[in-house]
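Reader: I should like to examine how certain terms are justified for this model. Please set each value against its definition.

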Amino acid sequence: MVNLSFNPTKALQTAARSRGWTLPAWLVFVCVVTFSVLLTAGAVIYKNAPPLPATIVSPQQEVLLDRATIQRGQELYLARGGQHIGSIWGHGSYLAPDWTADVLHRWGLATAGVLLNGHPEFEEADWQALSEADRAQLQVQVQEQFKPNRYNPETGVLVLTHAQSQGLQKVFRDYQNLLSQGSAAHSIPRHWFTDAEEIHAVTAFFVWTAWAAVATRPLSPFSYTANFPYDPLVGNQPPGQFVIWSIVSVVVLIAAIALFLFVYLTQEEDAVQPVTERPAIRLATPSQKVATLFFGVAMALFLVQILMGMVTAHYAVEGDGFYGIPIQQYLPYAASRTWHLQLAVFWIATCWLAAGLYFGPRFAHHEPKFQVWGNGSLLLALTIVVIGSLVGTWAGIQGYLGSQSFWFGHQGYEYVELGRLWQLLLIAGMVLWLWLMFRALRPALKAEGRKTGLNHFFLYSAITIPLFYGAGLMYTNQTPLSVAEYWRWWVVHLWVEGFFEVFATVAIAYLCSELGFLKRSAALRASYLTTILYLGSGVIGTLHHLYFAGTPVFITALGAVASALEVVPLTLIGFEVVKSLKLSQEAQGFYRLPLRFFIATCFWNLVGAGVFGFLINPPIVLYYSQGLNTTPIHAHAALYGVYGSLAIALMLFVLREITPETAWDETTLNRAFWWLNGGLVAMLGLGLIPNGFYQLVQSINHGTWYARSAAVIHSPWMQWTVWLRIPGDVIFAVGAGLLIYAVARALFGIWREPTATVSPAAQPLEN
C-alpha cells in the first residue's frame, strides 16, 4: 500500500547519486535480482521434483501401480474439485482429510499390523492398546519399512517391502468405500466417484503423494516433502534446519524493523494539504459512467460470495446439509468453497479494473472516441467469464464434464479453479482492459516525455495485471505437483498479493497528487519506494508457500528469510495509519469515507497480512500448522481486510466524485464501515483463532492426520468455535448489505444525472 509521505533513505539517495542511479534504476535492479532468484529456484524445483515411478512393485515383482494409473488419478482428483475436497501436502481445503496424511497413517498402521501379526487389519485403537514398550519397538520396525528410498532412477521401478505391499491392499479397500460412499463428517459427497477403476486411480495418486512424503530424498536426511506431514508412526519428524531457519527469520525480522524505524524516524516528510472542495468535474463521461456499472456487478458478486461463505462454514458442523436441508447433492462443499474463493477474487478484481477505467480518462483529461463501447464490451465479456466459470466449476465437481473438466470446468487448484477456457478468456479481458487504459492515457504519456514519470508508472503497473495472471497457464492437470504449485503461487502471491497491490499503490498515489494531498514528485517517489520495498522481499517471499511441495530444503531458507522481510513494508503501513487519520480529518469530510476504507486497508495490511501472515511463516510453525485452520486466520484478514477494503476504497473514491449529493449516503456508508470491520474482528476472535489454535495443538501432540480427522473436526470445541463464527458472520453480512444499498443508491443517482458532453481534456480538473 502506498506510503504518502515517506522519503527514500539518505543512504539510498547518496548511493543513487554516487552511481548515477535513480529510483527507477533501483526498481529495475531489484526486479532483476529477485526474479532471477525466483526463476532459478523454479528450475531447481523442476529438476528435483519427487519422481513418478514407471511401476511400483512388490518384492515378488508383482506390479501394484504404474505411472499411467497415478497420472490418471491426479487428473481425476483435480477434475472433481481437487484442492477443495481435502488437501495434498497441506495445500487445499480444511474439512476433508489431508489425503497425504490420511493415506500415510492408514498405510503405516496396516504395515504395523502385518509386522505384528501378519495381518493388515490394524487400526489406531489396536495401536493404542499396545504397551508403550511394544509401540516403541514396532514403531522402529515401521520406520525401517517406510524411510529407505527403494526407487531406482535408472529403471524407474519402486520396490515396496512385503509388509508395505500387504498394508497397501488395506488402504485401497478402505478408499474404495470412502470415495464411493462418501463421509458426512468430512463433507465428502456420496458417490463422489462411482467407477471402481477411477477410485483405484485416485487412491493410487494419493498413495504416491504419501510415498513422496515419507521416503528419504537422495543425499538428504528427510523426505521429498521435508518429512511433512508430521506423523511419528512412520518417522516423519521436523528437520532440524526448520528450527534454525525459523530462528534466523525472527532475528532478521527484528533487525530489519529496527533499521526501518531508525531510518523512518529520521526522514523529513513531504507536506500534505487538505482538499476542501469537490473537484471541478461533476459529470461522468460516457466511458466513466459505464465503468460505474462494474461496481454494481462487483457488489452483486460480493453478496453471493458472502452467502457461499456461510454455506461453506456450516458444512463444518452439518457435513451433508444446511440447517436440515440436504443441499450436498445440489451444492456440495467443494462447489460452495470454490465459488466462495472465486467470487472473492472476481469482485475485488472487478472493482480494481473499474477504478482503472475511471482513472484513465481522469488522469489524462482525455475521453477516447468509442471508449464507452470498449468499456461496455469488457463488462459483457467479464460477465460471461464469471457466469461461465461458476457454472463450469460446479459441473466439473458434479462429474458432468468428464475428461473435459480441465478446459471447461474445474482445474482443481485453489484460486485458479476456473477451467482453462475461462482462464484464457479472462486474460483476454484483462488485455482489453489494458488497451482501454492505454487509449485513455496516451495523451498524458506523450505529454509526460520521460518514460519513468507517474503516467508511465501507472501504465507499467497495469501491464503486470494480465502478465502475471498468465503464469497460471504454465501448468496443466498433468504437470508434476511441485512444478504446478510453484506456478500457482505466482498467481496467488505475485498477482493477487503483489502486482495488483502495486497497481493500487500507484493509483492511490496518483489520485492523492491529483487531489492535492501531496506533490506529484512526492507521489512518484512514494510509488517507486513502496514498490521497491515490497517487491524486494515479496518476490522471493513467494517461496514460503513451497516448504513442503516436494522442493529442496534451500527453498525453506530463502522463503523463511524473505517472508520475514515482507513484514517490514507492512510495518511502514502501520505508521501511515496515524497520518492517514490526520489527513482524513483535514480533508473536511468530502473524501472521508474513501479514506476511512483506505485506513482499514493499512490496518489489516499490518495485522492480517503482516502479523497473521508471519504467524504461520516460520518453517517450524508451518510444519505443524500447514493445512489447518490457522491459515484461514491470515486468509480472511488479508483477502477481505486488505484487498477487499482497498477495492471498496477505490470504488468510493470514484463514486464520491461523480455521485450527486442527494444520492451520496454518508451515514449508511459509515455504518457499513464499522459493521464490516467489526464483523471481521468478531469472526477472527470468536471463531477462526480459537478454532485454528486448538487444531494446531492436536497436530503437535498427535500428528497432522489426527488434526484433520473427524475426531478433531467434530470435537465439541471445534463445533462450538464454528457456531461462534455466526455473530461475526452476521455482523459482517449486515455491513455488506449496508454497503450494497449505499452503492446501489449512488449508482441510481449517477445514472439519473446527465452525461458529460465534453471530454475531460476540454474541462481540466482543478486541484
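Reader: How many cavities of 30 Å³ or more does the structure hold, and what makes a space a cavity?

Author: The structure, a predicted model, holds 11 cavities of 30 Å³ or more. A cavity is a set of points, on a 1 Å grid over the protein atoms alone, where a 1.4 Å probe fits but cannot get out. Local features here need pLDDT of at least 70, side-chain atom pairs count only at pLDDT 80 or more, and totals for chains, interfaces and linings use all residues.

Reader: Which elements give two or more residues to the lining of the second largest cavity?

Author: That cavity has about 110 Å³ of space. Lining residues have an atom within 4 Å of a point, and they include Val345, Phe346, Trp495 and Phe500. The elements in question are helix H11 (333-364), helix H12 (371-398), helix H14 (420-448) and helix H16 (481-515); H11 gives the most, with 5 residues.

Reader: How do you know that the span of helix H18 agrees with its 12 residues?

Author: The expected span is 1.5 Å times one less than the number of residues. For H18 (residues 554-565) this gives 16 Å, and the end C-alpha atoms are 17 Å apart, which agrees. A helix is itself a DSSP run (H or I) of at least four residues, and a strand (E) one of at least two.

Reader: Why are E1 and E2 called paired?

Author: Two strands pair if DSSP finds at least two bridges between them. Strand E1 (residues 55-57) and E2 have 3 bridges, in the antiparallel sense, so they pair. Thr55 has Asp66 in E2 as its bridge partner.

Key
Residues numbered from 1 in each chain as written. Heavy atoms only, no water. 1 Å grid on protein atoms, 1.4 Å probe; cavity = no way out; pocket = protein on both sides within 12 Å on 5 of 7 lines; lining within 4 Å. Points joined across faces, edges and corners; volume = space filled by probe spheres on them.
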